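Hi everyone, thanks for making time. I'd like to walk you through a structure that may be new to you, so just follow along with the picture.

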Amino acid sequence: MAAKTLAAPPAGLVRKTKRPRFGWWSRYRRNKLAVFGLGWVVLFFIIGVIGPWIAPHNYAYTNFLAANQPPSWQYPFGTDSVGHDMLSEILWSVQNALEIALGATFISFLVGAALGLWAGLKGGIADQIVMRLVDFMYAFPTYFLDLILVTTFGRGLAPIMFAIGITGWAGYARLIRGLTLRLREGEMVEAARALGSTQRHIMIAYLWPNVRNSMLVALAFGIPGDLTVMAGLSVVGMGLRPPLPSFGNMIAQAGTNVLGFPWLLYFPAGIFAITLLSFLFVAEGLQEALDPKGGR
Amino acid sequence: MNLALFIGKRLLTILITVVAILAISFIMMRFAPGGFFNSATIASGLGTLALQNPHLYQEYLQMFEKQYGLNQPLWRQTLTYVWHSLTFNFGTSFENPSVPIITQLKTALPISALLAGGSIVLALLIGIPLGVIAAVKRNTWIDSVLTTLSMTGQAIPSYVLGVIAVLLFGVWISGILPVNGWGTPADAVLPIVCLSAGNIGVITRYMRSSLVEGLRQEYIRTAEAKGIRYWHIIWRHGIRNSLTALITVVGPTFAFTVVGTVWVENIFSIPGLGTLLANAFTSDDIPLAITSVYILSLMVMLMNLIVDITYSLLDPRVKLR
């Protein structure tokens, strides 16, 4: 009975202050570029989902009678050398780009998290091995590994996603190892343990909130990087195999045709550049708002 | 640890890395669809010759098997290949068998090295002053313009800048700078500028944050109290301190710079290693593909080694590991 009276203090003693919501949105909102970026990214995601339905033509629909047309009401973004409607190509490309970028970032994150946790928790030789690998992956141009992987496994959506994902984990591994090391022996965890918290409670109440924001920021930085690599594969002719539309293919194609048909460049390159910038602005904004201490 | 031991250790690491890269590339490429170093594909490639002239067919088959060591076990082939590559004995490419790979490299490598090196120098020349300006004028509109610009430079990859430059200088204001090919010094201008944009962004942002941090230190206030001129303080106590650590920022950008070289060469049709690499990969020219990946990676690793040595020489506080 005594415990019960302790658990329920007199009503007057309970402070009814409103717990401050994280307040991240009010901090985020201050950065105008980040707000613009978020708008564009949301639009990009929406188009990624509905793009194929609202596209006026199929991406593979060739119409030689309408080849190399400048932008018009019928073809707002013009057509390419075999009569593909550029607007439709772009609407389909958004989906491919998002699938590969999100998938690759997710794979990288999983591999990085697994290795980082292993290194951080085990320490010793495991830590040594992982950190050596991380150093190597940092210094080595992993893009070349992507090229070799794509040559071996093909140029479809899944192989490219896998190739970019499996080579891009070094940053996540380093981040998660660092967080694990910092938190594992931290005073906060020690105090919680001394108070008798269970392992589960420590994870949920103490570790996760501390790790969540840093991870979110790292993921936000990862997506534009993966988009860049994905389109970069197309620049050397090893990206998504045509006729699958992708920003990289369109930009590479525009590079060879820009002297005669510059509209082939305006829309794909413009939209791709704005997209990369928007993702980066969002990432910067998130970092400012969520993780003010964590510099990169 | 002394310098010689450090260099020896690092060279050993590079050697191990290179062997790993070569072995992995070789084995993966061998199992790539289409098959390359593979008796069965060669036999099918020779095709009707088997019926027309069985004797010649057998002779060809044996020649190729001998040339690529195809009748040996895989590990043996891999070791042979790795050893040949390490001793710069690359053999010939599939696409251009009359010219040994080493000859192709000798013309292509200097071009890529010039582009990569030139872009890093340009990035330092532009990035450091911009970073200093942003730090000195911090929290003004100049600062925010510079910060946004450097973010833009970091975000937009060199191939997008490349095609925009082709459009700009090839269509809109044509005739000032060439946008295609290689031969005159003017040909190098646009590729190097496009390539350096990302590094300019990195360096500007680093210099800004490092200098802003540095100018908060006590010794800066001491210097101000002593009445030393403002720019003198900035130079002696601010910039010089930031410059040594700048090297640690430049090092990690090498990998990306070299990849950027590959992209830019393809956009501007420059006959460097990047174009060689792209042609090799798209035409399934496996010996040339692996070799160009190997040489480009080696370039990155050696550049990193040089950076680490320079850093330790410049900053006596740095301990070599």
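I'll go through some salt bridges, a surface patch, a helix pair and a few backbone details. One thing up front: this is a predicted model, so please keep that in mind throughout.

Let's start with charges. Side chains of opposite charge can pair when their charged atoms come close. Over all chains, the structure holds 6 salt bridges. I'll pick out a few of them.

In chain A, look for Arg177(A) and Asp127(A), whose side chains meet in a salt bridge at 2.5 Å, N to O. Where do these two sit? Arg177(A) is in helix H8 of chain A, residues 170-184, while Asp127(A) is in helix H5 of chain A, residues 124-139, so the pair ties together parts that are 50 residues apart in sequence. And if you're wondering about the surface, Arg177(A) and Asp127(A) are both buried.

Stay with those helices for a moment. Asp135(A) and Arg174(A) also form a salt bridge, and here the closest N and O atoms are 3.3 Å apart. Once again we have a link between distant parts of the chain, with Asp135(A) in helix H5 of chain A and Arg174(A) in helix H8 of chain A, 39 residues apart. Are these two buried or exposed? Somewhere in between: Asp135(A) has a relative accessible area of 39%, so we call it partly exposed. Arg174(A), with 35%, is partly exposed as well.

Now hop over to chain B. Arg208(B) and Asp143(B) bring their side chains together in a salt bridge, 2.8 Å from N to O. This pair links distant parts of the chain too: Arg208(B) is in helix H9 of chain B and Asp143(B) is in helix H7 of chain B, residues 141-155, with their positions 65 residues apart in sequence. For Arg208(B), the relative accessibility is 22%, which means that it counts as partly exposed. Asp143(B) is down at 4%, and buried means under 20%, so that one counts as buried.

Helix H9 of chain B comes up again in the packing. Take H9, residues 189-214, and helix H11, residues 230-267, both in chain B: their axes come within 9 Å and cross at roughly 150°. Over 145 degrees counts as roughly antiparallel, and therefore that is what we call H9(B) and H11(B) relative to each other. Their crossing is right-handed.

While you're looking at H11 of chain B, find Trp231(B), which is in that helix. Its relative accessible area is 53%, so Trp231(B) is exposed. How far apart are Trp231(B) and Ser209(B) in space? From C-alpha to C-alpha it's 18 Å, with the two residues 22 apart in sequence.

Back to chain A for the surface. There's a nonpolar patch of about 620 Å², made by Val42(A), Ile46(A), Val49(A), Ile50(A), Trp53(A) and Ile54(A). One of these, Val42(A), lies in helix H3 of chain A, residues 32-54. Val42(A) has 44% relative accessibility, so it counts as partly exposed.

Also in chain A, Ile107(A) is found in helix H4, residues 86-122. With a relative accessible area of 21%, Ile107(A) is partly exposed. If you want a sense of scale, the C-alpha atoms of Ile107(A) and Leu264(A) are separated by 33 Å, and these residues are 157 apart along the chain.

Last topic: the backbone. Most residues other than glycine have a negative phi, and most peptide bonds are trans. Here are some exceptions.

Which two residues does a cis peptide bond join? They're Pro242(A) and Pro243(A), with omega at about 10°. You'll find Pro243(A) in the loop between helix H10 (199-235) and helix H11 (247-257) of chain A.

For positive phi, go to chain B. Asn139(B) isn't a glycine, yet its phi is positive, about 65°. Asn139(B) lies in the loop between helix H6 (101-136) and H7 of chain B, and at 69% relative accessibility it counts as exposed. Asp284(B) has a positive phi too, near 55°. That residue lies in the loop between helix H12 (273-282) and helix H13 (286-314) of chain B. Asp284(B) counts as partly exposed, at 36% relative accessibility.

That's my tour, thanks for listening!

Conventions
Residues are numbered from 1 along each chain as its sequence is written. Chains are lettered from A and ligands numbered from 1 in the order in which they are written. This is a predicted model: local features need pLDDT of at least 70, side-chain atom pairs count only at pLDDT 80 or more; totals for chains, interfaces and linings use all residues. Side-chain values use heavy atoms; hydrogens and water are left out. Patches are made of residues with over 30% relative accessible area and no salt bridge: like charges are joined within 9 Å, nonpolar side chains (Val, Leu, Ile, Met, Phe, Trp, Tyr) within 5 Å. Accessible areas come from the Shrake-Rupley method with a 1.4 Å probe; for residues, only the protein chains shown count as cover. A salt bridge is a side-chain nitrogen of Lys or Arg within 4 Å of a carboxyl oxygen of Asp or Glu. Helices (H or I, at least four residues) and strands (E, at least two) are DSSP runs, numbered from the N terminus. Buried means under 20% relative accessible area, exposed over 50%, partly exposed in between (1.4 Å probe, protein chains only). Axes are lines fitted to C-alpha atoms, for helices over the stretch in contact, and angles run from 0 to 180 degrees between N-to-C directions. Angles under 35 degrees count as roughly parallel, over 145 as roughly antiparallel, 65 to 115 as roughly perpendicular and the rest as oblique. A crossing is left-handed if the near helix is turned anticlockwise from the far one by less than a right angle, and right-handed if clockwise.
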